[in-house]
Amino acid sequence: QVQLVESGGGLVQPGGSLRLSCAAARIIFSTYAMGWYRQAPGRQRELVATITRNGITNYADSVKGRFTISRDNAKNTVYLQMNSLKPDDTAVYYCNAHLPGSTIKNDLWGQGTQVTVSS
């Protein structure tokens, strides 16, 4: 069974940092584009950042300059380093795996990890 397992969420004060991790199992990790999405209460899920198989990154405007996505193919893991966190960053963060050329209906999703930014 394919698994994406997120970790690293929690409660942090405004201006603080967190690093999220997503470990993948039972997929050929290096062939997937990976991404982080988030969903705040009452809002639709939105893209945060993506990284291609070749390491090309893309960010939502709201997190540019503050968040960094990276991947370690040897560890089957994708990371999201979040700095200068704001209350608006509060959401459940989801890991996504997309196989290029495949329909998004086949995308893989983790269970999510809660990030709360509050004083």
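Here are five short exercises on the structure above, each with a worked solution.

This is a predicted model, in which local features need pLDDT of at least 70, side-chain atom pairs count only at pLDDT 80 or more, and totals for chains, interfaces and linings use all residues. Residues are numbered from 1 along each chain as its sequence is written, and side-chain values use heavy atoms, with hydrogens and water left out.

**Exercise 1. Strand order**

Task: Work out the order of the strands in the open sheet of 4 strands, and find its edge strands.

Solution:
- Start with the term: strands are DSSP runs of E with at least two residues, numbered from the N terminus.
- Next comes pairing, which requires that DSSP finds at least two bridges between two strands.
- Now read the order, which is β1-β3-β8-β7, with antiparallel pairing.
- The edges are β1 (3–7) and β7, since each of them pairs on one side only.
- Finally, neighbouring strands here are turned by 15° against each other on average, direction ignored; the axes behind this angle are lines fitted to C-alpha atoms, and angles run from 0 to 180 degrees between N-to-C directions.

**Exercise 2. The β7 and β8 hairpin**

Task: Describe how β7 and β8 pair, and sort the residues of β7 by face.

Solution:
- Count the bridges: β7 and β8 run antiparallel over 6 of them.
- Look at the turn: 4 residues lie between the two strands of this hairpin, and Asn 76 in the turn has a positive phi of about 55°.
- Match two pairs across the strands: Phe 67 is opposite Met 82 of β8, while Ser 70 has Tyr 79 as its bridge partner.
- Recall a general rule: in a regular strand the side chains alternate between the two faces of the sheet.
- Then sort β7: Phe 67, Ile 69 and Arg 71 make up its covered face, and Thr 68, Ser 70 and Asp 72 the uncovered one.

**Exercise 3. Three residues, one by one**

Task: For Leu 20, Thr 77 and Tyr 32, decide whether each is buried or exposed, and name some residues in contact with it.

Solution:
- Set the cut-offs: buried means under 20% relative accessible area, exposed over 50%, and partly exposed in between (1.4 Å probe, protein chains only). Contact means heavy atoms within 4.5 Å.
- Leu 20 lies in β3 (residues 18–25) and is buried because its relative accessible area is 0%. Outside its neighbours within four places in sequence, its contacts include Gly 9, Trp 36, Leu 80 and Tyr 93. Gly 9 is 11 residues away in sequence, with a C-alpha to C-alpha distance of 6.2 Å.
- Thr 77 belongs to β8 and is buried at 9%. Its side chain reaches the backbone oxygen of Lys 75 at 2.8 Å. Beyond four places in sequence, it touches residues including Ser 21, Phe 29 and Ser 70.
- Tyr 32 sits in the loop between β3 and β4, and at 14% it is buried too. Among its contacts beyond four places in sequence are Arg 53, Arg 71 and His 98. Leu 11, by contrast, is 21 residues from Tyr 32 in sequence and 30 Å away in space, C-alpha to C-alpha.

**Exercise 4. Salt bridges**

Task: How many salt bridges does the structure hold, and which residues join into one network?

Solution:
- Define the term: a salt bridge is a side-chain nitrogen of Lys or Arg within 4 Å of a carboxyl oxygen of Asp or Glu.
- The structure holds 4 of them.
- One links Glu 46 to Arg 38, with the closest N and O atoms 2.7 Å apart. Glu 46 is partly exposed at 28%, whereas Arg 38 is buried at 6%.
- Another links Asp 61 to Lys 64 at 3.2 Å, and Asp 61 is exposed at 66%.
- Arg 66 pairs with Asp 89 at 2.8 Å. Arg 66 lies in the loop between β6 (57–59) and β7 (67–72) and Asp 89 in the loop between β8 (77–82) and β9 (91–98), so this bridge ties together parts 23 residues apart in sequence. Both residues are buried.
- Shared partners join Arg 38, Glu 46, Arg 66 and Asp 89 into one network.

**Exercise 5. The nonpolar core**

Task: Which residues have the most contacts inside the largest nonpolar core?

Solution:
- A nonpolar core is a set of buried Ala, Val, Leu, Ile, Met, Phe, Trp, Tyr and Cys residues joined through side-chain atoms within 4.5 Å.
- The largest one has 31 residues, and Met 34, Trp 36, Val 78, Leu 80, Met 82 and Tyr 93 have the most contacts inside it.
- Elements giving two or more residues to this core include β3, β8 and β11 (113–117).

Note on methods. Polar contact = N/O pair within 3.5 Å; in protein donor to acceptor, adjacent residues only side chain to side chain.
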